[in-house]
Amino acid sequence: MSQNRKVNKVINTVIIQAVLILFSILMIVPFAWMFLTSFKTVTEATSVNPFVIFPKVWKTDAFVTVWNNMSFPLLYKNTLLLIFWRVVCACLTATFAGYAFARLQFPGKNLMFSLVLIQMMIPSQIFTIPQYTMISDMHMTNTMFALVFPGLVTAFGTFLLRQAYMQLPKDLEEAARLDGCSIPQTFVFIMAPLARSSMVALGIFTAVFAYKELLWPMVVCTDAKKEPLAAALATMQGQYATNYPQLMAASLIACIPMIILYLIFQKQFIQGIATSGTKL
């Protein structure tokens, strides 16, 4: 009987692993297609033959052309500055608001948090027009502040940090209060350090969202020198024809910051999501 259980366990494990491997391959296919297309000619890239997967001759002309025609150092600079300020603003505002909603008692607390949740359920594109009107009235278009403006506060970050603070034991606050700590001291020296895993997770989420944001940069930035990577790549899409090898080569180059970010913070990202701020 035990032998049959072992056999069934092995079979179930093999099936689960096979399914996971299959879905992993399906997720890798778009990236592999982008990589292979960047080394093809235009004719090969637009061929309707489904068996033309690998380029006949591996060419790097597309990489050379896009690197010479596009100011990638400037685009990297704009994108990294956008990510940096978005992460700083999101983490600061979310950790303050999350702590207030989780630990403090004040009039209208539940109503305000309900408004935060409602904002999470509304598509962000709805806020594009009022946000642009505000930036235009401040005469701040084509500036870094304009790019960062929608990320000054984050409903998702507020919810994530609130959940992290709610999972921390109340005994910590009571002990700090008995030691004479005020509410700001308790927050800065006791509670905030214990939520650092969730802050790291929020920072990585915010960086990814800022990196791939397309609509807002195209609306608020008409100066090519102020564009981030996503908006610059969108300008390569032609109305009647598109050079796909060059577009894929530029996209591959643009992926470098996110790949590096993932390789550096992979452990912290998984840890932050898994623990939700409970790791001491």
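# A guided tour from an exposed loop to the pockets

Begin by selecting H139, which lies in the loop between α6 and α7; the helix labels used here follow DSSP runs numbered from the N terminus, with helices being runs of H or I of at least four residues and strands being runs of E of at least two. The model on your screen is a predicted one, in which local features need pLDDT of at least 70 and side-chain atom pairs count only at pLDDT 80 or more, while totals for chains, interfaces and linings use all residues. Residues are numbered from 1 along each chain as its sequence is written, and side-chain values use heavy atoms, with hydrogens and water left out.

**The loop and its neighbour helix**

With H139 still selected, look at its backbone: although H139 is not a glycine, its phi is positive, at about 55 degrees. In general, most residues other than glycine have a negative phi. H139 is exposed, because its relative accessible area is 71%, where exposed means over 50%, buried means under 20%, and partly exposed lies in between, with a 1.4 Å probe and protein chains only. Now move along to N142, which is also placed in the loop between α6 and α7 and has a positive phi of about 60 degrees without being a glycine. Then step back to D137 in helix α6, which is exposed, with a relative accessible area of 57%. If you draw a distance from D137 to A232, the two C-alpha atoms are 25 Å apart, with these positions 95 residues apart in sequence.

**The nonpolar cores**

Next, select V66, M70, F72, V220 and L229, which are the residues with the most contacts inside the largest nonpolar core, a set of 34 residues. The elements that give two or more residues to this core are α3 (61-69), α4 (72-103), α7 (144-148), α11 (196-212), α12 (215-220), α13 (229-234) and α14 (244-254). Of these, α14 supplies the largest share, with seven residues. A second, separate core has 15 residues, among them L160, Y165, L168 and L194. A nonpolar core here is a set of buried Ala, Val, Leu, Ile, Met, Phe, Trp, Tyr and Cys residues joined through side-chain atoms within 4.5 Å.

Return to V220 and show its surroundings: leaving aside residues up to four places away in sequence, V220 touches Y132, I135, T141, N142, A146 and L147, where contact means heavy atoms within 4.5 Å.

**Helix α8 and its cover**

Select α8 (155-166), whose twelve residues should span 16 Å at 1.5 Å a residue, and whose end C-alpha atoms are indeed 16 Å apart, which agrees; the expected span is 1.5 Å times one less than the number of residues. Within α8, the residues A155, G157, T158, L160, L161, R162, A164 and Y165 are buried, and what covers them includes α4, α5, α10 (183-194) and α11. From here, go to L194 in helix α10, which is buried, with a relative accessible area of 14%. The C-alpha atoms of L194 and Y165 are separated by 8.4 Å, although these residues are 29 apart along the chain.

**The two largest pockets**

Which residues lie nearest the centre of the largest pocket? They are R86, S124, P150, V153 and E213, out of 27 that line this pocket. The elements that give two or more residues to its lining are α4, α5 (109-121), α6 (128-137), α8, α11 and α12, and α11 gives the most, with five residues. The volume of the largest pocket is about 920 Å³. A pocket is found on a 1 Å grid over the protein atoms alone, as an open set of points where a 1.4 Å probe fits, with protein on both sides within 12 Å along at least five of seven lines, and lining residues have an atom within 4 Å of a point.

Finally, select M27, P30, F31, Y211, C255, M258 and I259, which line the second largest pocket. This second pocket has a volume of about 320 Å³, and α1 (2-37) and α15 (256-275) each supply at least two residues of its lining. Also in helix α15 is Q266, which counts as partly exposed at 31% relative accessibility.

Key
Points joined across faces, edges and corners; volume = space filled by probe spheres on them.
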